[in-house]
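Student: I would like to learn how labels such as "buried" or "pocket" are earned. Could we go through them one by one?

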Amino acid sequence: MGRLLLIRHAQASFLEQNYDKLSAIGETQALCLGEYWVRQKMVFDRVCSGPRVRQKDTARIVAAVYRDAGLPFPEPVVIQEFDEYPADAVLDQGLPGLVESNGEVRNLHRAFQNSSSPDRRRANFEKMFEMLIAKWVDGEVVLPAVESWPEFCARADRGLSQCMSANGRGQQLAIFCSAGLIGVAMGRAFHLSSQDTLRAVWMVRNCSYSEFLFSNDRFTLSTFNASPHLEDVSLLTYR
């Protein structure tokens, strides 16, 4: 059996102008992951990453910890199939129409714009965003110029298959990615519906890892959303 670890990127810069960079908390999360794996003497035969800065930088920080400890860590290979689903494009192109047509989303959008504190702003945005993505996943929000949810799932699943077929029997593979790929992997392991896959996506913590076992005819979940390296509860984040 091969062993596949999918690592969600550490915390990015949520609601900032450039989301695709690690926050200070995110850098700490990635450092903790590297230190934990070094203590556990985790060895990888191959390491891959999605193309986003937040994905590559999480891998880079973990690799630096290994290097400082004098331990080998494979050079991460960037694979385009592990890019996240097009959340920004769905938000930019899908939200205006939904604000016009859906009263609940319109109210959330108004509340988001008028939020009196950062916490309320974050909470209102998350509710609005999750409603939009759920409707996009169900096909209620159709954006012809944007990759669809089925297209994203097919892309991510294709990348997983390619990586696993390239790994020899019994080897250990790590992929630094985003929550969407982990949801697709959960869907693959448990034959989940689109909405159940999306529910798994919302549950994935920053810089957690999920472990899958695979062979030619088997793909099973061993561990989901593990974060033993994040002992300080302030480091447990979802956005």
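Tutor: Gladly! Keep in mind that this is a predicted model. Let us start with H191, which has a relative accessibility of 73%.

Student: What makes H191 count as exposed?

Tutor: Exposed means over 50% relative accessible area. H191 stands at 73%, so the label fits. You will find H191 in the loop between α7 and α8.

Student: And what is notable about the phi of H191?

Tutor: Phi of H191 is near 55 degrees, a positive value in a residue other than glycine. Most residues other than glycine have a negative phi. N225 also has a positive phi, near 65 degrees.

Student: Is N225 buried or exposed, and how do you know?

Tutor: Buried means under 20% relative accessible area. N225 has 9%, so we call N225 buried. N225 belongs to strand β6, residues 218-226, and touches M203, V204, R205, S208, Y209 and S210, leaving aside residues up to four places away in sequence.

Student: Why is the link between the side chains of N225 and S208 called a polar contact?

Tutor: The cut-off for such a pair of N or O atoms is within 3.5 Å. The side chains of N225 and S208 are joined at 2.9 Å, and so they meet that distance limit.

Student: Which residues have the most contacts inside the largest nonpolar core?

Tutor: They are L4, L6, Y85, I133, L160 and I175, in a core of 52 residues. Helix α5, residues 118-137, gives the largest share of this core, 8 residues. Apart from it lies another core, of 24 residues, including V38, Y66, F73 and Y209.

Student: What makes Y85 a contact partner of F129?

Tutor: Contact means heavy atoms within 4.5 Å, and Y85 touches F129 by that rule. Among the other residues that Y85 touches are I133, W136 and W202.

Student: Which residues of α8 are buried?

Tutor: Those are Q195, T197, L198, A200, V201 and W202. They pack against α5, α6, α7 and β6.

Student: How do you know which residues line the largest pocket?

Tutor: A lining residue has an atom within 4 Å of a pocket point. For the largest pocket, 28 residues make up the lining, and F14, Y19, A87, D88 and F129 lie nearest its centre. About 630 Å³ of space lies in this pocket. Helix α3 gives the most to the lining, with 5 residues. By class, the lining has 14 nonpolar, 4 polar and 10 charged residues.

Terms used. Residues are numbered from 1 along each chain as its sequence is written. This is a predicted model: local features need pLDDT of at least 70, side-chain atom pairs count only at pLDDT 80 or more; totals for chains, interfaces and linings use all residues. Side-chain values use heavy atoms; hydrogens and water are left out. A nonpolar core is a set of buried Ala, Val, Leu, Ile, Met, Phe, Trp, Tyr and Cys residues joined through side-chain atoms within 4.5 Å. Buried means under 20% relative accessible area, exposed over 50%, partly exposed in between (1.4 Å probe, protein chains only). Helices (H or I, at least four residues) and strands (E, at least two) are DSSP runs, numbered from the N terminus. A polar contact is a pair of N or O atoms within 3.5 Å; within protein, one must be able to donate a hydrogen and the other to accept it, and residues adjacent in sequence count only if both atoms are side-chain atoms. On a 1 Å grid over the protein atoms alone, a cavity is a set of points where a 1.4 Å probe fits but cannot get out, and a pocket is an open set with protein on both sides within 12 Å along at least five of seven lines; lining residues have an atom within 4 Å of a point. Grid points are joined across faces, edges and corners, and a volume is the space filled by probe spheres set on the points. Ala, Val, Leu, Ile, Met, Phe, Trp, Tyr, Cys and Pro count as nonpolar, Asp, Glu, Lys and Arg as charged, and the others, Gly among them, as polar.
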